[in-house]
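Hello,

Here is the structure I promised to pass on. My notes on what turned up in it follow below.

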Amino acid sequence: IDILPEEYKFFNLFPAGRLDIDTEGLLLITNDGQLAHEILSPKNHVPKKYYALVEGRVTEDDREKFGKGVILDDGYKTLPAELNILKSGEFSEIELVIHEGKYHQVKRMFEAVGKKVKYLRRIEIGKLILDDALAPGECRELTEDEIELLKNTV
């Protein structure tokens, strides 16, 4: 909230969710408590899509494991996730859709299959897509159409 332009600081805004300190991308900041609650509520399973650069070869076996849910280091089994392998190699590029938001979940899911996330960016929340024109730390107001997209997600 501290990095928002001054004109937004008087609207009682708060983040609807969070990003890890070393993750960038789409973060919804709002003053609509009901919408934020619906997006964040675990029972709604709002999809969140991430792009990641992963150290290690991501394989079809990993994709199948993610599709069934993986067991994290604390014994929690994640909900099934959709892993799309964009490039597989010493460093792999992937997109991952999760339907929950556990602590460091994406990183911990890859650690569960013996790999390490080197870069992570959230690119979608529900049907809302990150605006590629925004640099890290920049913000803009949502359009009415984007607000409707979000409302139709939950």
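A good place to begin is the sheet: β4 and β6 pair in the antiparallel sense over eight bridges, where two strands count as paired if DSSP finds at least two bridges between them. Helices (H or I, at least four residues) and strands (E, at least two) are DSSP runs, numbered from the N terminus. Y50 has L96 of β6 as its bridge partner. On strand β5 (residues 82-87), L83 also has L96 in β6 as its bridge partner. β5 and β6 pair in the antiparallel sense over five bridges, and the two form a hairpin with three residues between them.

Before going further, some housekeeping. This is a predicted model, in which local features need pLDDT of at least 70 and side-chain atom pairs count only at pLDDT 80 or more, while totals for chains, interfaces and linings use all residues. Residues are numbered from 1 along each chain as its sequence is written, and side-chain values use heavy atoms, with hydrogens and water left out.

Now the interior. The largest nonpolar core has 18 residues, and those with the most contacts inside it are F66, I94, L96, V106, M109 and F110. At least two residues of this core come from each of β4 (48-55), β6 (91-98), α3 (105-112) and β7 (116-125). By nonpolar core I mean a set of buried Ala, Val, Leu, Ile, Met, Phe, Trp, Tyr and Cys residues joined through side-chain atoms within 4.5 Å; buried is under 20% relative accessible area, exposed over 50%, and partly exposed in between (1.4 Å probe, protein chains only). Leaving out residues up to four places away in sequence, F66 touches L79, P80, A81, L83, L96, M109, F110 and V113, a contact being heavy atoms within 4.5 Å.

Helix α3 is mostly covered, with six of its eight residues buried: Q105, V106, K107, R108, M109 and F110. The cover over these buried residues includes β4, α2 (60-68), β5, β6 and β7. Just after α3, G114 takes a positive phi of about 80 degrees.

You may like the charged groups. A search of the whole structure finds 13 salt bridges, each a side-chain nitrogen of Lys or Arg within 4 Å of a carboxyl oxygen of Asp or Glu. One of them joins the side chains of K107 and D20 (3.2 Å, N to O). K107 lies in helix α3 and D20 in the loop between β1 (14-15) and β2 (24-25), so the pair ties together parts that are 87 residues apart in sequence. K107 and D20 are both buried, and D20, D22 and K107 are linked in a network of salt bridges.

Another salt bridge joins E60 and R63 (2.6 Å, N to O). These two are three residues apart in helix α2, so about one helical turn separates them. E60 is partly exposed at 44% relative accessibility, as is R63 at 35%.

What about E100, in the loop between β6 and α3? E100 is buried yet has no salt bridge, and the nearest side chain of opposite charge, K102, is 4.7 Å away. (Lys and Arg count as positive and Asp and Glu as negative; His and the chain ends are not counted.) The side chain of E100 does make polar contacts with those of Y76, at 2.5 Å, and Q105, at 3.4 Å. A polar contact is a pair of N or O atoms within 3.5 Å; within protein, one must be able to donate a hydrogen and the other to accept it, and residues adjacent in sequence count only if both atoms are side-chain atoms.

Best wishes
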